[in-house]
Amino acid sequence: MDRSFLSSDQLIKATRDFVCIRTATYEDKQEATFLEWAFVGNTGGSLRIFGYCILSPDGKTKLRRSTRGPNFLYANSGAMAADLRQISAQYSGRAITTTSNPAVPQMKNVRLGINVASCDGLPSVVVFGKDQTEVDSLNQKLSGVIWDEQLAGKFIYASTTNSSDLKSVPGAGSQSGILVIKPDAFGIKGQLITIISPEVSAERLQESLLNAANAFTRISKTHGLHVRNGRQTGTLWKTEIPIPARQRTPSRTRQNPRPR
Amino acid sequence: MSTLASLEITMKRLLVCLSLLLMMTTVPVSAEENPTKRIAWHGNLEKGLALAKQTNRPVFLVSGSPSCLGVPGLW
């Protein structure tokens, strides 16, 4: 995913009038069915690793044709921002505020949350409670502060009541709270940066998250080197649903060399 | 006089070396600062679509695999 394309200020500003959804392609069967409709459509074939499209608010109409990524449709992020502004002008949607958008944008689980945080070079926030009531209460607190422009998009969120979900994060899982975690380069393990108490006030919570976001530095990665290191050390990711055969790695396909 | 000039050049070289050494020890080579603004992604399709319907906002939908050639930590 082209980070530079999606990181221009004018483009980010234009996306605030949209609900931006980024799913992990092979991590949920139900989502995959929808993604196949959105990205593959009637053309046949299987779900590709990357996909992009713009949908109407009811999610039923494609407003722009789907492509492998926005950079396949627009010459630059300025052109894309202009098109997004044109689309959003047709709808009377409410922009993100704490009152109109109270939900915390959660990943499906902690494992995926930490991996996606690593991919994005962001800290992960995990809400950990002894039961669902406590988790819901903590998420309610979070939702009141995270849509502020200073914090929007600065963390990848997940929740759990199960301490074993946090076994990859030393020091986490023994006390309830809002955990800020630094993912490792592969997003497999995490380092606990801080635990914010369940009794924290809204002001203090916002301040703590802001401090964590500002102090965080992401790990630089070189694509080829990262993949090579991962494969050499056996640091591999198992997707929830199988990746279609044509997406398989070249090394696997080379196991059956073509006859000469 | 030439001794003074030579001393000055040596001092300048030393200062340049010290500055380079200071830069190498204080600038983290494997870390980057985060950009100030980010797209606020919803990671859950169902909840995101429900929110779009509720707030009458169009959907910016992207999907990607958080692993490359089976290795996690990279889109």
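Biologist: Let's start with helix α2 (residues 29-40) of chain A: at about what angle does α2(A) run to β2(B)?

Modeller: Keep in mind that this is a predicted model. Helix α2(A) lies across β1, β2 and β3 of chain A, and β2 of chain B is part of that surface too. Its direction relative to β2(B) comes out at about 110°.

Biologist: What is the order of the open sheet that holds β1(A) and β2(B)?

Modeller: Four strands make up this open sheet, and their pairing is mixed. β1 and β3 (62-67) of chain A each have a single partner strand, so they stand at the edges with one side lacking a neighbour in the sheet. From one strand to the next the twist averages 10°. Reading across, you get β1(A)-β2(B)-β2(A)-β3(A).

Biologist: Which residue of β2(B) stands opposite Ile54(A)?

Modeller: Zoom in on β2 (residues 51-55) of chain A and β2 (residues 59-64) of chain B: they run antiparallel and are joined by five bridges. Opposite Ile54(A) you'll find Phe60(B).

Biologist: How much area is buried between chain A and chain B?

Modeller: On the contact side, 81 residues of chain A touch 43 residues of chain B. Val19(A), Ile21(A) and Arg218(A) lose the most area on the chain A side, together 13% of what that side buries. Carbon and sulfur atoms give 61% of the buried area, and the total is about 6,200 Å².

Biologist: Now the other open sheet, the one with mixed pairing in chain A: what order do β4, β5, β6 and β7 take there?

Modeller: β5 (156-160) and β7 (190-196) of chain A each pair with a single strand, so they are the edges, with one side of each left without a neighbour in the sheet. Neighbouring strands are turned by 25° against each other on average, direction ignored. β4(A) and β6(A) run antiparallel and share five bridges. The order is β5-β4-β6-β7.

Biologist: Which residue of β6(A) is the bridge partner of Ser124(A)?

Modeller: The pairing to look at is β4(A) with β6(A), an antiparallel one. In β6(A), Ser124(A) is matched by Ile181(A).

Biologist: How many of the 11 residues of α4(A) are buried?

Modeller: Helix α4 (residues 110-120) of chain A lies across β4, β5 and β6 of chain A, at about 165° to β5(A). Its buried residues also pack against β1 (19-24) and β8 (217-219) of chain A, and against β4 (71-72) of chain B. Among those buried are Leu112(A), Ile114(A), Asn115(A) and Asp120(A). So with buried meaning under 20% relative accessible area, the helix is mostly covered, and the count is 10.

Biologist: Which helix gives the largest share of the largest nonpolar core?

Modeller: That core has 23 residues, with Val125(A), Phe155(A) and Leu209(A) among those having the most contacts inside it. At least two residues each come from β4 (124-128), α5 (132-143), β6 (177-183) and α6 (202-215) of chain A. A second, separate core of 19 residues includes Val19(A), Ile21(A), Val40(A) and Val59(B). Back in the largest core, the top supplier, with five residues, is α6(A).

Biologist: And overall, what percentage of the 260 residues in chain A is buried?

Modeller: Chain A has eight helices and eight strands. Its accessible surface comes to about 13,100 Å², with 49% belonging to carbon and sulfur atoms. The buried share of its residues is 48%.

Note on methods:
Residues are numbered from 1 along each chain as its sequence is written. Chains are lettered from A and ligands numbered from 1 in the order in which they are written. This is a predicted model: local features need pLDDT of at least 70, side-chain atom pairs count only at pLDDT 80 or more; totals for chains, interfaces and linings use all residues. Side-chain values use heavy atoms; hydrogens and water are left out. Buried means under 20% relative accessible area, exposed over 50%, partly exposed in between (1.4 Å probe, protein chains only). Accessible areas come from the Shrake-Rupley method with a 1.4 Å probe; for residues, only the protein chains shown count as cover. A nonpolar core is a set of buried Ala, Val, Leu, Ile, Met, Phe, Trp, Tyr and Cys residues joined through side-chain atoms within 4.5 Å. Two strands pair if DSSP finds at least two bridges between them. Axes are lines fitted to C-alpha atoms, for helices over the stretch in contact, and angles run from 0 to 180 degrees between N-to-C directions. Contact means heavy atoms within 4.5 Å. Buried area is the accessible area (1.4 Å probe) that two parts lose on being put together, summed over both.
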